[in-house]
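User: Please take a close look at one part of this model and explain, in a connected account, how that part is placed among its surroundings.

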Amino acid sequence: MANSRPLILLSNDDGYLAKGINELIHILRSVADLVVVAPDGPRSGASASITSIQPLHFVKVQEEEGLVVYKCNGTPVDCIKLGLSTIVPHRPDLVIGGINHGDNSSVNVHYSGTMGVVIEGCLKAIPSIGFSLCDHSEDADFKACLPYVRRVVDEVLKHGLPYGTCLNVNIPKGDELKGVRVCRQTDGVWTKEFEPCFHPKGSNYFWLTGVYVNNEPDAEDTDHWALSHGYVAVTPTQIDMTAYGLIEEMNNWNLNV
């Protein structure tokens, strides 16, 4: 790979064959050299999980000028850890997750394997971005969102990101996007999360489902408001989860025994 070009490490949670990551490869080929280390199949909802009870392996499935693609039997975070420690020829300029088939705004950031990729890159002090299209279809149309993906990548390559921060970029479904809003994560929660089913032999089982409840539907500075009004939502996200506002109060508690 040419050392004069930026190097980007890509992964996802939909698998290396997913349309989203291949659209991402297509739009970024002219920007940088690309190393793809992605799961060998779907890993949606993997969050920041890692594999510790079975061996990991990866296989090269494609190589050409400026692009190498590997599939891995692990989680999205496994892919980034292996990529950084074993595969990439030097420290990448960016880590990117996506383009995910489905919304990763609001509380979904905590469950998302796509954002697991991004947070792992951020933990390694590499500028990292997650891209998600609010369309779960395997054959989703990414055409309208690709110029925004390219622009965000260009800007992060130009400006970088502060240590400990990354970007969660969600893009509404549809052809007529109104632009970009930089916004905060919506306060929301999933309810009615499982559909009970009954096996004819007597045992019960459950399918994950759920109804999302937005606790602040009128707040115009949130990612959900932006998406529901046709805007690309860019949410700066940080890995330091300390509740700083609570420290002083807790120092007045009687915690010692």
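Analyst: Two strands are said to pair if DSSP finds at least two bridges between them, where a strand is a DSSP run of E of at least two residues, a helix is a run of H or I of at least four, and both are numbered from the N terminus. The model is a predicted one, in which local features need pLDDT of at least 70 and side-chain atom pairs count only at pLDDT 80 or more, while totals for chains, interfaces and linings use all residues. Residues are numbered from 1 along each chain as its sequence is written, and side-chain values use heavy atoms, with hydrogens and water left out.

The part chosen here is strand β5, residues 94-101, which is mostly covered, since 8 of its 8 residues are buried (under 20% relative accessible area with a 1.4 Å probe on protein chains only, exposed being over 50% and partly exposed in between). On one hand, β5 pairs with strand β1 (residues 7-11) in the parallel sense over 4 bridges, and I96 of β5 has L10 standing opposite. On the other, β5 is paired in the parallel sense with strand β6 (residues 128-133), here over 5 bridges. Within that second pairing, V95 stands opposite S128 of β6, and G97 has G130 of β6 as its bridge partner.

These pairings belong to an open sheet of 9 strands, with mixed pairing and the order β3-β4-β2-β1-β5-β6-β7-β13-β8. The edges of the sheet are β3 (58-64) and β8 (180-182), each of which pairs on one side only. Averaged over the sheet and ignoring direction, neighbouring strands are turned by 20 degrees against each other (axes are lines fitted to C-alpha atoms, for helices over the stretch in contact, and angles run from 0 to 180 degrees between N-to-C directions).

Helices also meet this strand. Helix α2 (residues 76-87) lies across β5 together with β1, β2 (33-39), β3 and β4 (67-72), and runs at about 135 degrees to β2. In helix α1 (residues 19-28) the buried residues are G20, I21, L24, I25, I27 and L28, and the buried residues of α1 pack against β5 as well as β1, β2, β4, β6 and α5 (146-159), contact meaning heavy atoms within 4.5 Å.

The interior can be followed through F131, which, leaving out residues up to four places away in sequence, touches I96, G97, G98, I99 and N100, and also L24, T114, V149, V152, V153 and V169. F131 is, with L28 and V153, among the residues with the most contacts inside the largest nonpolar core, which has 36 residues (such a core is a set of buried Ala, Val, Leu, Ile, Met, Phe, Trp, Tyr and Cys residues joined through side-chain atoms within 4.5 Å). There is also a second, separate core of 15 residues, including L9, V35, C72 and I126.

Beyond the strand, the loop between β5 and α3 (108-111) holds S106. S106 counts as buried because its relative accessible area is 1%. Not counting residues up to four places away in sequence, S106 touches Q185, T186, G188, Y212, D223 and H224.

Taken together, β5 is a strand with β1 and β6 as parallel partners, and 8 of its 8 residues are buried.
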